[in-house]
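I opened the model to look up a bent helix, a buried acid and a pocket. My entries follow.

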Amino acid sequence: MTPNHLSFAAQALRYFDRRHEEVRDRPLDVAAAWRGSALAHKGDWTVSFSADEIRELEAAADSAVAHGHGLADVRREDFPLPELSDKIADWAGELSGGRGFLLLRGLPVERWGEDRSALVFWGLGQHLGEPGAQNPAGELLGHVVDTGEDASDPFVRRYRTAGDIAYHCDLADVVGLLCLQSSRVGGASRIVSSVSVYNKVLSRRPDLVARLYEPFYLDVRGEEGQGGPRAVPVAPCRYAEGKISTFYHSDYFRSAVRHEDVPPFSEAESTLLDLYEEIAASPDLYLDMELRPGDIQLLSNHVVLHARTAYEDLPDQRRHLLRLWLSLDPT
């Protein structure tokens, strides 16, 4: 029986297999070059599940359970969604060739509970793309929750704290977040178009743009696997066939210089990173989403950077998201 997900290594290799033709020296006028201020009051990036679609998801989950499938065993054929299939194909198209993000609303996660909600999320993912492990340990559905770790520790995994998270991309074509429980205050998911950021860098410092096509070192921070490298070179930008694909990870680029075999940033490199993040932090460009229980946020890691604001939980109720990484079929 073929595996129903990619390994961490296979998924990362597929994600970074980005075609490259040249350094793009002109702005891109494409759907993915959006501004948050222009979209904040539009609703066309939000999709609500209908009652019939909820029933189809429940029937698919019932079928998987009746056949004795645990979440990690479920394949696309084990989770039939004939009526939703056309919509899911549209979602994949929007992620790969449109704005690069969607918000799906209305899953009854309070009624379903965590296990059933996770199964439905995984089943949807099987139809949207090919799920993959999120670390060398093979974690398939990550739990984004404050475990009490120290947010002031610069090397702690930030998603396990209530602190803010800087702009980054994950090592998969798409990251999905299913909200099971929201926070008392804060915790907004902040996204920005990396294409729009690129266009702004090009307009302000065209002399620095070519450096985005050369590798920066990425700090692996303890997830390198047995005997693996502590930092790996990754080029933030690739351009081919009218599309720019971006990988950016602010904290992990910056912390890589702690390793003795990684050279310090040049003045130009520091200026470029500072400018890139200054532009991404512009209120005109970014879009904040307040995720509520039953929401699924889907983001392309090629054209969208995502971050998170700090938050506070209720004493007896913790913010809790499930995270899914997906590789999309080649287009």
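**Notebook: helix, acid, pocket**

I found a kink of about 80° in H5, centred on Asp115 (the bend at a residue is the angle between axes fitted to the seven residues ending there and the seven starting there). This is a predicted model, where local features need pLDDT of at least 70, side-chain atom pairs count only at pLDDT 80 or more, and totals for chains, interfaces and linings use all residues. Residues are numbered from 1 along each chain as its sequence is written, and side-chain values use heavy atoms, with hydrogens and water left out.

I checked the span of H5. Its 20 residues cover 109–128, yet the end C-alpha atoms are only 20 Å apart. A straight helix would reach 28 Å at 1.5 Å a residue (1.5 Å times one less than the number of residues). Helices are DSSP runs of H or I with at least four residues, strands are E runs of at least two, and both are numbered from the N terminus.

I then looked at burial. In H5, 14 of the 20 residues are buried (under 20% relative accessible area, 1.4 Å probe, protein chains only).

Next I went to Asp219, in strand E9 (residues 216–219). Asp219 is buried, with a relative accessible area of 1%. I listed polar contacts (a pair of N or O atoms within 3.5 Å; within protein, one must be able to donate a hydrogen and the other to accept it, and residues adjacent in sequence count only if both atoms are side-chain atoms). The Asp219 side chain makes one with the side chain of Ser255 at 2.8 Å. The Asp219 side chain makes another with the side chain of His259 at 3.0 Å.

Last, I asked which helix or strand gives the most to the lining of the largest pocket. H1 does, with five residues (a pocket, on a 1 Å grid over the protein atoms alone, is an open set of points where a 1.4 Å probe fits, with protein on both sides within 12 Å along at least five of seven lines; lining residues have an atom within 4 Å of a point).

Methods
Buried < 20%, exposed > 50% of the residue type's maximum accessible area, 1.4 Å probe, protein only.
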